[in-house]
Amino acid sequence: MLLELKEIKKSFGQVRVLKGVSFTLEAGKVLGLVGENGAGKSTLMNILGGIHKPSSGEVFLEGKAFAPQGPTVSLNSGIALIHQELNLFPNLTVFENLFVKNFPRKSVAGIKLIDRRAAIFRAKELLEQVGLDIEPDRIVESLSPAQRQLLEIAKALSSSPRIIIFDEPTTALTRHESRRLFSLINDLRSNGIGMIYISHNLEDVISLSDDIAVLRDGEFINGYTKGGGYSLGSIIRDMVGRDMDQFFPDRDNIPRTDHLLEVKNLGMAPIVNGVSFVAKKGEVLGFYGLVGAGRSEVARCIYGLDSFEYGEVLWNGMRVKTLNPAAWISRGVAFLTEDRREEGLLLDQSIEKNVALASLGSFASAFLRRIKRKDINSAAKKKAEATRVKCDSFDGQATSTLSGGNQQKIVLAKWLLTDPKLLILDEPTKGIDVGAKHDIYELVNELVGNGSSVLLISSELEELLGMCDRILVMNRGRISAEFAKDVFNREAILESALHVMEEAIGA
Amino acid sequence: MKVIQARSIRKVLDHSTLILFAAIVITFGFLSSQFFTFQNLSNILIQSSSLAIIATGMTFVLLTAGIDLSVGSTMFLAGVVSAKMVAWGSPLWLACVTVLLVGTLYGLVNAFFIYRFKIIPFIVTLATFYVGRGFGLFLSETRAMNLPEGFLKIGSVSILGIPFPVLVLGVVILSAHLALSKTQFGRQIYAVGNNAEKARKAGMPVDRILLSVYLICGFCAALGGLVAIAQLGAVSPTFGKQSEFMAIAAAILGGTSLFGGKGNVFPGTLIGAVTIQSIQNGLVIVNANPYLYPLITGAVIFLIVLIDSLRHMQEVKSRRLGASF
Amino acid sequence: MIAQLKEHYQKSDNSILYLCVLYYIVMSFITPGFFSLGNNWNLLFNLMPLVIVSIGQTCVMLTGGIDLSITSTIALSSVVGASFMSSDSGLGFNPSVSTFIGIGVMLVVGAAIGLVNGVAVTKLGMPAFMVTLTTMMFFSGFAVWLTESQNIYNLPDSFLRISSMSMRDVPIPVVAALGVMLIAYFILNTTVIGEWIYAVGLNVKVARISGVNVDGTIISCYVFCGVCAALGAVLYTSRLETGSPIMGQNILLDVIGAVVIGGTSLFGGKGKVKWTLFGVLFISLLDNGLNLIGLSYFLIMIVKGLVILFAAILNVLKERPSLAS
């Protein structure tokens, strides 16, 4: 047995990410690891890579207990990790990136210089292995995303690993490049290397893997073996699960027909490629898609946080010219971004100050813009209380001391205080506990009940199914499908998010 | 259309070093026939050797996205210490070795505060800038110090027809260039400057690298100071003032980025230093009002920093578009 | 008892004030002439312009920036204002009119330099300390070039009286400093833009997404800082009875030192008017005391450099206590 995991558990603070996962990997086999976003795949992989330590449970590498103290230890023990976010230095050349930690060197007059010829020779070998046809002295900055991904794989091979873990290696690759990668994986397999292959592209996983493990909510749900009789459908059913139906509070209002926000042919190559949609008054409109499908970017473009190349935005039927947060706030549009620590909260400030920040203008006198301190503080406190945030003090406690769920409630309270007509939520429940999630859903329902609209971007399909009146699915920067509430269908939605459209290949 | 425009802007920004150099040389060539004589060009090279040496050290620091404002003070301290030692009767070589040690030690002090206490480099080096200058003034009792003939001889001697300052410059540039481009240490400096966090994750000795660049910078500042006083023959109380600006400007003009990870000593910093010296030299030759010098130099440096910032903004933009897919 | 005092000292943000009082008492005993009416007046008059300039700097540092160009702002507004007012320049206004025009022009010069700094930092994306370093060089060069290094004399009496006149027994410089402090306090604590300044300093991204006019906020801070520096120039010029192109050259260290010692964070977002006042008090007392003891200016320079370093260490330790071990 090459690698064995026994009852691995991991919690971050109060959030349990892994609840006892066990599986094994044999030499010369590929294990496919699938599950929805947030199922715990990345955490599991980071534990193997020495980046996180498990809260409990054991890992055995070739029968010996294995507890890496850091990434270097893991790498030296023969485990190579290929991250989704690339660890390349764009200002260095291809071969420098391959060997930056350990160049082949030669001694010239007692000084150890880089043996450029040897480095380039070895680099060529590695590049050939992954089918990357570029000069080793090209600057990485000039490479395409696909080439960078393949280079990252070549870097992993340079340490001659016994186990390779791939995390979504094909998201940046064309179909042709993916096939090259798969034949490389098959070569590695015949050389006795064990691999863990993580991907949302289930067709790939099925065709590559000897075994498949399905994770959901940090638990091992089901395992399949090649030839053991399974289908795409059965895997998707395992991934999604069905025990969340009762969790979402009811809402009985019906969306009106008039358009609140209309986006026409919005584009920012290569992430967003011509997106058009309409949000109606009193509607919760969901956006589903894989990470990198362009959902957040659409919202950021609209809100003026990123610039876009073409397209237009209409608000209440009028074309909008100034796209910046201040202008949107005065129109009544709020945007809760994905990264609450970096973009949502002033971590050193109190709850009151955070909640008040986006509404200062409406609590200020016309002359000299003096803040009506009493009014704003009591309004902020009221809003924070309405979110049922748990804290010691509203004016003395820094928000950095709150738990993730409570922090998110503060950001939400900030936006609710602006009295939004449209609230854009980007992954509002990511990494927060069940109770806080429920509170947030209720707040959303209350807002919509008062006639406002919500744009809900989420990677949790259950959340969208439970909350939305309509769901748009994004795939590679385009809207690939639209579902109305009465025809919601998990399998079909997943299918249109995962499916690789042939016409998009090579674009 | 927009894309083409952006590309041509990028091209101009990428080659700004040579464009500026050419513009300055051609302008002065037109304004005065003396500028393009062999004598004057070799003068420029000799005069720029001190600045180029200091800027070489500064390049190491800038490559890690740091900064060292104390190099002018280090230069001054170097000058004062060497003058004192020679006046007390120490042999020349001992004075020079001591001075280089003092410079390196000064770099160590900077590095200590920056990496033990994580204080922003410009605040640390702003403080050591004042401490160094104050200490130098204390040692010299705020008087100009004349150096013995021996020093001036070093400055004017030629070996195989190459003036000594230029020779020193050559050695410094060559070894810095080798270190940066041909050694693992050098390549790791670039990696750290691009993204220190990534470099740490990849298991590189980040702290050791950061420490060594400040040592190198201190050493180069002292050496540059020695080369300068060997030409001047005296150390005035204002010696080395504003050298830090000139060194930073030379490095950035040579294409090194204030934001780290980009740049080189050869040809970059060398051309940068020669360009700046050409401005000074050209202004003298065309008999410009001396009061205009700091104005023109200040404006040129502003322009250089502006170009670097625009280049950086473009890169961040294109990186963001490229990486998230 | 001692432990209690210690805890109170650590928690309270008046700690620097207590330190000043302690220092004052000790110095009164050990230094002859320290506790005299003349010296106290002297202290007060040195303090006031420094307070004004430092308050401006505090606002800039609250946004996470820094303004190193305040010295050249002082010099340039001094000479420009003085040449408008001086009877030598022959503009021929009557003295009280020319005083008004002179002061107005000085404040406009300060605002203009602040505007240049602010626009370069926000719209052109240049690093604050580099921008202000080059504008420092440029505008001080400009001041020297304008005057060809000459002082400007013969200012109108009505202008010179500013530093000696009193309003209801309170000297004008004190009134001005109190006014600036009150205005800054009012802006920072009761207005929308004050909240914005802190928010920008704590986290620019959060501020922008929350509808804060980030660029406008930062530019206003630099303009305010420039105006404060110009107001400082009014007091200095009036007191010295000359417009000088090297005026204010030595106060950069005092200003940065005072703000950092006061406790304003180098990373932005944390700081108070009161803290800066205590910081200025501390650095002025230090300066005055060391002067009376008879230390030369370069030794004082060393001490102040070390004090800045020490304050920066405390500043960092307060934000990241984990570094202490």
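How many salt bridges does the structure hold over all chains? I found 31 over all chains, taking a salt bridge as a side-chain nitrogen of Lys or Arg within 4 Å of a carboxyl oxygen of Asp or Glu.

I noted that this is a predicted model, in which local features need pLDDT of at least 70, side-chain atom pairs count only at pLDDT 80 or more, and totals for chains, interfaces and linings use all residues. Residues are numbered from 1 along each chain as its sequence is written, chains are lettered from A and ligands numbered from 1 in the order in which they are written, and side-chain values use heavy atoms, with hydrogens and water left out.

I then looked up a pair between chains: Glu342(A) and Lys205(C) form a salt bridge, 4.0 Å from N to O. Because Glu342(A) lies in helix α11 (residues 340-344) of chain A and Lys205(C) in helix α10 of chain C, the pair joins two chains; helices are DSSP runs (H or I, at least four residues), numbered from the N terminus.

In chain B, I found Arg143(B) paired with Glu141(B) at 2.8 Å, N to O. Arg143(B) is exposed at 53% relative accessible area, while Glu141(B) is partly exposed at 42% (buried is under 20%, exposed over 50%, partly exposed in between, with a 1.4 Å probe and protein chains only).

In chain A, I noted a salt-bridge network that links Arg388(A), Lys409(A), Asp439(A) and Glu442(A).

Last, I checked helix α9 (residues 192-202) of chain C, where nine of the eleven residues are buried, so the helix is largely enclosed by the rest of the structure; Trp196(C) and Tyr198(C) are among them.
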